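Colleague: I should like to go through this model with you, one point at a time. Please give the reasoning first and close each reply on the value or name requested.

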Amino acid sequence: MTDSRTNYGRQIDTLIRQAYGKHIKVFEQTIPHSVRAAEISAAGKAFFSMTRSKVAEAYKSLTKEVLGDAEKQRKRQSEQLR
């Protein structure tokens, strides 16, 4: 989760990618900080119910990215076993 509206948030994002990107998978999609999403989550509701939610869209995009990465890994492992 990041607040890309601030210089500090963008700097942290860049630092994480530089420091860890060569060692672990750092996904491209970030989750935007949202007080409204936190409030909805605290109330026990899914933020996917929020209409036009940037947070919900970001999570959907991240899910696709994670599943795509998992599929690539599965294919690589399958090819190595041949």
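Colleague: Is E57 buried, partly exposed or exposed?
Modeller: This is a predicted model, and the assignment follows from relative accessible area, where buried means under 20% and exposed over 50%. The figure for E57 is 46%. Because that lies between the two cut-offs, E57 counts as partly exposed.

Colleague: Which residue forms a salt bridge with E57, and where do the two stand in the helix?
Modeller: The closest N and O atoms of the pair are 3.6 Å apart. Both residues belong to helix α3, which covers residues 54-81, and a spacing of 3 residues separates them by about one helical turn. An α-helix has 3.6 residues a turn, so residues three or four places apart point the same way. The partner, itself partly exposed at 41% relative accessibility, is K60.

Colleague: Which residues are joined into one network by salt bridges that share partners?
Modeller: One bridge links the side chains of D13 and R17. Another links the side chains of E28 and R17. The shared partners therefore make one network of D13, R17 and E28.

Colleague: What is the N to O distance between D13 and R17, and how are the two placed in their helix?
Modeller: D13 and R17 lie 4 residues apart in helix α1, residues 7-20, and so about one helical turn separates them. D13 has a relative accessible area of 23% and is partly exposed. R17 is likewise partly exposed, at 23% relative accessibility. Their salt bridge has an N to O distance of 2.9 Å.

Colleague: Which parts of the protein does the pair of E28 and R17 tie together, and what is its N to O distance?
Modeller: R17 is in helix α1, whereas E28 is in the loop between α1 and α2 (35-42), so the pair ties together parts that are 11 residues apart in sequence. E28 is exposed, its relative accessible area being 61%. For this salt bridge the N to O distance is 4.0 Å.

Colleague: How many salt bridges does the count come to?
Modeller: The rule asks for a side-chain nitrogen of Lys or Arg within 4 Å of a carboxyl oxygen of Asp or Glu. Among the pairs that meet it are K60 with E57 and D13 with R17. The count comes to 5.

Colleague: Is the protein a compact globule or more spread out, and what is its radius of gyration?
Modeller: The protein has 3 helices and 0 strands, and its elements run α-α-α from the N terminus on. For 82 residues the globule rule gives 12 Å, and the protein is well over this, so it is more spread out than a compact globule. The C-alpha trace spans about 50 × 30 × 20 Å along its principal axes. The radius of gyration is 16 Å.

Colleague: What share of the residues is buried?
Modeller: The protein exposes about 6,900 Å², of which carbon and sulfur atoms supply 53%. Among contacts with a separation of 6 or more, 47% come from residues 24 or more positions apart. Of the 82 residues, the buried share is 18%.

Colleague: Is T2 buried or exposed, and which residues does it touch?
Modeller: T2 sits in the segment before α1. With a relative accessible area of 14%, T2 falls under the 20% cut-off and is therefore buried. Not counting residues up to four places away in sequence, T2 touches G9, T30, I31, P32 and H33.

Colleague: Which residue shares a side-chain polar contact with D3?
Modeller: D3 also has its place in the segment before α1. Leaving aside neighbours within four places in sequence, D3 is in contact with G9, R10 and H33. The polar contact has a length of 2.8 Å, and the side chain that D3 meets in it is that of R5.

Colleague: Which backbone nitrogen does a side-chain oxygen of S34 approach, and which residue takes a positive phi just after α2?
Modeller: At the start of α2, the oxygen of S34 comes to within 3.4 Å of the backbone nitrogen of R36. Just after α2, a positive phi of about 85° is found at G44.

Colleague: Where is confidence lowest, and where is it highest?
Modeller: The average pLDDT of the protein is 90, and 99% of the residues score at least 70. By element, the lowest mean is 86, in α2, and the highest is 94, in α1.

Methods. Residues numbered from 1 in each chain as written. Predicted model: local features only at pLDDT ≥ 70, side-chain atom pairs only at ≥ 80, totals over all residues. Heavy atoms only, no water. Buried < 20%, exposed > 50% of the residue type's maximum accessible area, 1.4 Å probe, protein only. pLDDT = per-residue confidence, 0-100. Rg over C-alpha atoms; globule rule 2.2 N^0.38 Å. Contact = heavy atoms within 4.5 Å. Areas by Shrake-Rupley, 256 points an atom, 1.4 Å probe, with all protein chains shown as cover. Polar contact = N/O pair within 3.5 Å; in protein donor to acceptor, adjacent residues only side chain to side chain.
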